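User: I'd like a close look at one small spot in this protein and at how the rest of the chain is built around it. Keep it informal, please.

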Amino acid sequence: MKKCPHCANDVNDAASVCPACTRELAGKRCPDCAELVRPAASKCRYCGHSFAREARIADFEQFSARADLLPTLLIRGRLIPQQIHLSPEKITIQSWGLFGFSRTDEDIPWEKIAGFHYHAGWFWDAVEIQTRGQRANWIGCMRKADGVRVKELLERMKE
Ligand SMILES: [Zn+2]
Ligand SMILES: [Zn+2]
């Protein structure tokens with residue numbers, strides 16, 4: 001017999017879950033709340049931490065794309081194309097103001113993303129990213145191949 005570290009109940013040596021308090025006696029530790037959860041769990045049952053997402057982030061391949069210059073000039077009336085960079089931690093969208101005098105870098109951590117819209121145009125694609133607590137971010141005038149890649153990465157990271 002061993003003692004449950006959570007409720008001090010006596011439990012069988014072979015048990016992996018305490019029958020009295022139903023908490024795990026062995027397993028992996030959640031990095032967010034430090035509780036023990038089943039080794040195969042994809043989500044922490046206590047705080048909702050996603051191990052599946054953690055695994056996806058670990059094998060994430062960075063990707064960067066620059067919007068096309070032509071539609072940037074024609075449609076957006078800007079001289080410098082927008083850029084998007086996707087890393088394991090966040091998405092950064094770099095936008096330039098009129099005539100390139102000002103630059104805005106929007107950092108969007110993956111956990112803040114609430115959803116996204118992918119707009120497939122005739123020649124160029126656009127992606128709008130909705131966030132919790134921040135305004136939506138938008139990048140347009142992207143080449144088809146880049147737009148599709150951004151969409152794929154967003155889909156993969158979705159829970
Ligand atoms: Zn217990
Ligand atoms: Zn947890």
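Analyst: Asp107 touches Lys90 and Thr92, leaving out residues up to four places away in sequence; a contact here means C-beta atoms, placed from the backbone, within 7 Å of each other. Keep in mind that this is a predicted model, so local features need pLDDT of at least 70 and side-chain atom pairs count only at pLDDT 80 or more, while totals for chains, interfaces and linings use all residues. Residues are numbered from 1 along each chain as its sequence is written, with chains lettered from A and ligands numbered from 1 in the order in which they are written.

Back to the spot itself. Lys90 is 17 residues from Asp107 along the chain, and their C-alpha atoms are separated by 6.6 Å. Asp107 sits in strand β8 (residues 103–109); strands are DSSP runs of E with at least two residues, helices are H or I runs of at least four, and both are numbered from the N terminus. Asp107 is partly exposed because 13 other C-beta atoms lie within 10 Å. On that scale, 20 or more such atoms make a residue buried, 12 or fewer make it exposed, and partly exposed is what falls in between.

Now for a sheet further along the chain. Strands β9, β10 and β11 form an open sheet in that order, with antiparallel pairing; strands pair if DSSP finds at least two bridges between them. The edges are β9 (113–120) and β11 (137–143), each pairing on one side only. From one strand to the next, the twist averages 15°. There are 7 bridges between β9 and β10 (residues 124–131), and Gly115 has Gln130 as its bridge partner in β10. Helix α2 (residues 69–76) packs on this sheet, touching β10 and β11, and makes about 125° with the direction of β11. Helix α3 (residues 144–157) lies across β9, β10 and β11 and runs at about 140° to β11. Those angles run from 0 to 180 degrees between N-to-C directions, with axes fitted to C-alpha atoms, for helices over the stretch in contact.

What about the inside? The largest nonpolar core has 14 residues, and Ile84, Val127, Ile139, Met142 and Val150 touch the most other members. Such a core is a set of buried Ala, Val, Leu, Ile, Met, Phe, Trp, Tyr and Cys residues joined through C-beta atoms within 7 Å. At least two of its residues come from each of β6 (83–86), β10 and β11, with β10 giving the most, 4 residues. Beyond its neighbours within four places in sequence, Met142 has contacts including Ala65, Trp124 and Gly147.

Ala120 belongs to strand β9 and is exposed, with 12 other C-beta atoms within 10 Å. From Ala120 to Gly27 is 45 Å, C-alpha to C-alpha, across 93 residues of sequence.

Zooming out, the chain splits into domain 1 (1–49) and domain 2 (63–157), bounds that come from an automatic or database domain assignment. Their centres, taken over C-alpha atoms, are 42 Å apart. The C-alpha atoms fill a box of roughly 75 × 25 × 20 Å along the principal axes. Of the chain's 159 residues, 18% count as buried.

Notes
Contact = placed C-beta atoms within 7 Å.
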